[in-house]
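Biologist: I'm new to reading protein models. Could you walk me through this one, feature by feature?

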Amino acid sequence: MYKLKCIGCGKEYDEKETCTVCLSCRNPLDIVYDYDKRLEKLDVRTLKTAEICASKYMSFYPIKDYRKLVTLNEGGTPLYDALRINRKVNADGSGERGKNGTGSTRLFLKYEGANPTGAFKDRGSMMELSKAAELGAKAVCCASTGNMAASVSAYASRAGIPCYVAVPDTAPSGKLVQILSYGANLLKVRGTYNDAARLVEALSNKLGFVLTGDYAFRVEGQKSLAYELAEQLNFKAPDYVIAPMGCGTNIWAIWKGFREFRQFGLIDKLPRMVGVQAASCAPIVKAFNDGREVMPIAKPYTIAGAINIGDPLDGRKALAALRESKGYAFEIEDDAMLEAQQMIARQESVFTEPSGAASVAAYQKLLDRINGSGEEATVVCVLTGAGLKDIGCVAPLFAPPTIEPNLEEAERYITKNLFNLKSPISRSVRETKLPVLKTTGDVAKLVKEKYGIVLEQRELQYALGMVADFARKGKPATVDDLKAIVEESMGAMQKNVLEVIDFEVRNFAHRESESRVKVRFNGKEHVVEGRGDGPVDAAINAIRKIVKDGFTLIDYNVGISSGGTDATVGVTITLSDGNGNRVVGRGASPDIVSASVKAFENAFNVLFYKKG
Ligand SMILES: *Cc1c(COP(=O)(O)O)cnc(C)c1O
């Protein structure tokens, strides 16, 4: 029926021997079919008319008994005609682009976040877990940056097979919670995805677990993405398919799916595959553009966690897909992915994770290549995963205002265009220096232009003073600073009664901690000392000496977020006064004492104003 064949040395295997890598050269395996035999069995009419579901593609799958499929109704994801993005990207483009309004290309988005666990991986997990069940697995295991493990966990729980997964300890918490909720046994590994992958492979050999992940059977499930695209475009392949590459498995799977559909006479031409990676982690893109083999990167880092893979398991397959299809490969900066992510959400109402947004960022680059050739192309961008999966890198872009439930204040945000100060901007833009501002007129013009906000004369004067202050301190104000300047000038930030200027804490092995704190309270500076059970207590006790009591500390909570590179401690402190007022203050910092002091300061100031 089918064989597993090594893509390196060509050696063939039965699935009972190996279904992961070649036993002699360790290259990936690919499943080869006797397509003529399969074609005899294919019912083209049914295929063309039946609704999309896993079982309708059985003729293309290495499954013995389709009644035993382990499925969660994956696939059947929407294909959106992205008219607005297309118009915008063409209008922003230079030169030839957009001559006739929208250019001559059409752009579609295939939203894979609509799969049961929020990523295209489910197509492959359907196949892998169906095979694992068929082969009588006692347990499955896999390594992952998060999405693969979430998907394998869900399908393993569906199949009733125990599941063990390992992820880098930087994996976003949303994905971890998802994995654990499906009941998998999760190990966070101090290291990269590739460290986790080596560990899990050894574990599977030692304990006899079935190793799942980017291997041959997964590809067979993920092929259905191509089948669906062909069907959704009325049995025609698009001209280009843009997909992000991590291990490179998916782009190969899509390519294989199109090749099979052509072999079976269901489409008459093939698309060109366009692969995308993060600029800081682009081993496949570099290999393709330099015409060589993939060279691994030791310590990769991109905010797009799902494609943060330095040593891609299926690099060779991905290169083959790009080369055979005469495609392209692009590198995308992290900032450009975040910008594309926002654009997709705003223009087309689709929220995808940064890895998925990379394909739309690459669309702009593809247009630069193909425009001018007069080509009327249909382009599909694969949005590989759902946006909610990984919000850790996106959340810091936003700072929605927190206000009292007060009509005037709410109205002010709307009528004065204050929301414009809260819209996300990318790091590179945030850090851009402001032009020279000499007069209040200069400030008025810039603030109006950037944010649509009209400042009053005294506000302009205040703002101009702050800009000068930045310059005097040797740090010229940036676009990000301008937001703070405008906000402060408009009195959006209340002047705080308590301000902690500096502090120092000392710890001892066998006695209480000591602190020395410099605060401004009611406009007057004080230096006070305090003691306490630990450094946080010592610092807060010192501050309490100045502000006197009149309030009670009700609750103190510490949370540690270990996402990304800089682990942050988040502290919340709840204070109440004798009048039933109760406020929560928050502080965040890499350092627990700083975070606690900030939370206390914040809570105290809010409580103070509540008392009036
Ligand atoms: C897994 C994944 C990728 C990368 O796919 P590969 O098959 O590893 O190349 C891209 N985006 C998302 C959201 C993913 O989960």
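Modeller: Sure! Let's start with the word "domain": here the domain bounds come from an automatic or database domain assignment. And keep in mind that this is a predicted model.

Biologist: Okay, which domains does the assignment give for the chain?

Modeller: It gives domain 1, residues 68-393, and domain 2, which is written as 396-495 + 548-610. Taken over C-alpha atoms, the centres of domain 1 and domain 2 are 38 Å apart.

Biologist: How many residues does each domain put into the contact?

Modeller: Domain 1 brings 11 residues and domain 2 brings 10 residues.

Biologist: Now the sheets. How do strands of a sheet pair?

Modeller: They pair through backbone hydrogen bonds, and the pairing is either parallel or antiparallel. Try the six-stranded case: this open sheet has the order E4-E5-E13-E10-E11-E12, and its pairing is mixed. Strands E4 (79-81) and E12 (328-332) are the edges, each pairing on one side only. From one strand to the next, the twist averages 25 degrees.

Biologist: Can we zoom in on one edge? In what sense do E4 and E5 pair?

Modeller: In the antiparallel sense, with three bridges between E4 and E5, the latter being residues 106-111. To see one of those pairings on screen, find Asp81: its bridge partner in E5 is Phe108.

Biologist: And at the other edge, which helix lies across E11 and E12?

Modeller: That's H11, residues 283-290. H11 runs at about 135 degrees to E12.

Biologist: What order do the strands take in the three-stranded sheet?

Modeller: The order is E2-E1-E3, in an open sheet with antiparallel pairing. Its edge strands are E2 (12-13) and E3 (29-33). E1, residues 2-6, pairs with E2 over two bridges, and Leu4 stands opposite Tyr13 of E2.

Biologist: What do the side chains do along a regular strand?

Modeller: They alternate between the two faces of the sheet. Keep that in mind as you trace the next strands.

Biologist: Where should I look for hairpins?

Modeller: Go to E14 (residues 498-506) and E15 (residues 513-521), which run antiparallel and are joined by eight bridges. Six residues make up the hairpin connection from E14 to E15. Within this pair, Glu499 has Arg520 in E15 as its bridge partner.

Biologist: How many bridges join E15 to E16?

Modeller: Nine, and E15 and E16, residues 524-532, run antiparallel. One bridge partner to find is Arg531 in E16, across from Glu514. E15 and E16 form a hairpin too, with two residues between them. In that turn, Asn522 has a positive phi of about 55 degrees.

Biologist: Last topic, helix packing. At what angle do H5 and H6 pack?

Modeller: At about 15 degrees, with the axes 8 Å apart; H5 is residues 147-159 and H6 is residues 173-181. Angles under 35 degrees count as roughly parallel, and H5 and H6 are therefore roughly parallel to each other. The crossing of H5 past H6 is left-handed.

Biologist: Which residues meet there?

Modeller: From H5 you'll find Asn147, Ala149, Ala150 and Ser153, and they meet Lys175, Gln178 and Ile179 from H6. Sorted by class, this contact has three nonpolar, three polar and one charged residues.

How values were computed: Residues numbered from 1 in each chain as written. Predicted model: local features only at pLDDT ≥ 70, side-chain atom pairs only at ≥ 80, totals over all residues. Heavy atoms only, no water. Pairing = 2+ DSSP bridges. Helix = DSSP H or I, 4+ residues; strand = E, 2+ residues; numbered from the N terminus. Axes fitted to C-alpha atoms, helices over the stretch in contact; angles between N-to-C directions. Contact = heavy atoms within 4.5 Å. Parallel < 35°, antiparallel > 145°, perpendicular 65-115°, else oblique. Left-handed = near helix turned anticlockwise from the far one by under 90°. Nonpolar A, V, L, I, M, F, W, Y, C, P; charged D, E, K, R; others polar.
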